[in-house]
Amino acid sequence: MQINIYAIAKKDAAFQVLEEEFCMQCRQFGAEVKIFELLPPSVLKAQKISSIKAQQSYTQTFHSYIKPLALNIALHPQGKSYDSISFANLLESARLVQFFIGGAYGLEEGFVQMCRSVSLSAMTFSHKIAKLVLCEQIYRALSILNAHPYHK
């Protein structure tokens, strides 16, 4: 299984260490998890103009990464909430899973509709926290699917 996490964000060395630890742990279950922080100049420019332009720039940045045969998941506050077991079941049969974390202004509705929409929580998280929580939940899901004792 290949799992890609695309985020409109800057790298943060302190969080990167923790994210990489979860990604490394996923390998024991045959899953390769990669994180891509994307922050092209067009996004930085658009964020200074308006929230609508910012959202459009996020869509443009992510659009080429959408794969028709992949399980494309947009993290979105109004997305479906899953418990850990149902999240594991969501990932179970996918060979390629792609997560998209928008920028500060969220994702355009049109982009969200191209994906399955998932909410990590009713609370709002910074990108740093959202990526870390997502990495941990991916590891937990793989642990559940492989009857590993991490999930108790």
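## A nonpolar surface patch

In this predicted model, Met-123, Phe-125 and Ile-129 make up a nonpolar patch on the surface, and together they offer about 270 Å² of accessible area. Such patches take residues with over 30% relative accessible area and no salt bridge, joining nonpolar side chains (Val, Leu, Ile, Met, Phe, Trp, Tyr) within 5 Å and like charges within 9 Å. A salt bridge here is a side-chain nitrogen of Lys or Arg within 4 Å of a carboxyl oxygen of Asp or Glu. Areas are Shrake-Rupley values with a 1.4 Å probe, and for residues only the protein chains shown count as cover.

Phe-125 sits in the loop between β5 (116–119) and α6 (127–145); helices (H or I, at least four residues) and strands (E, at least two) are DSSP runs, numbered from the N terminus. Phe-125 counts as partly exposed because its relative accessibility is 32%, where buried is under 20%, exposed is over 50% and partly exposed lies in between.

## The sheet

Let's turn to the strands. Five of them form an open, parallel sheet in the order β2-β1-β4-β3-β5, with pairing requiring at least two DSSP bridges between two strands. β2 (32–38) and β5 each have a single partner strand, so one side of each lacks a neighbour in the sheet. From one strand to the next, the twist averages 30°.

β3 (residues 71–81) pairs with β5 over five bridges, and Ile-73 stands opposite Arg-116 in β5.

## Reading the model

Residue numbers start from 1 along each chain as its sequence is written. Local features need pLDDT of at least 70, side-chain atom pairs count only at pLDDT 80 or more, totals for chains, interfaces and linings use all residues, and side-chain values use heavy atoms, leaving out hydrogens and water.

Key:
Buried means under 20% relative accessible area, exposed over 50%, partly exposed in between (1.4 Å probe, protein chains only). Axes are lines fitted to C-alpha atoms, for helices over the stretch in contact, and angles run from 0 to 180 degrees between N-to-C directions.
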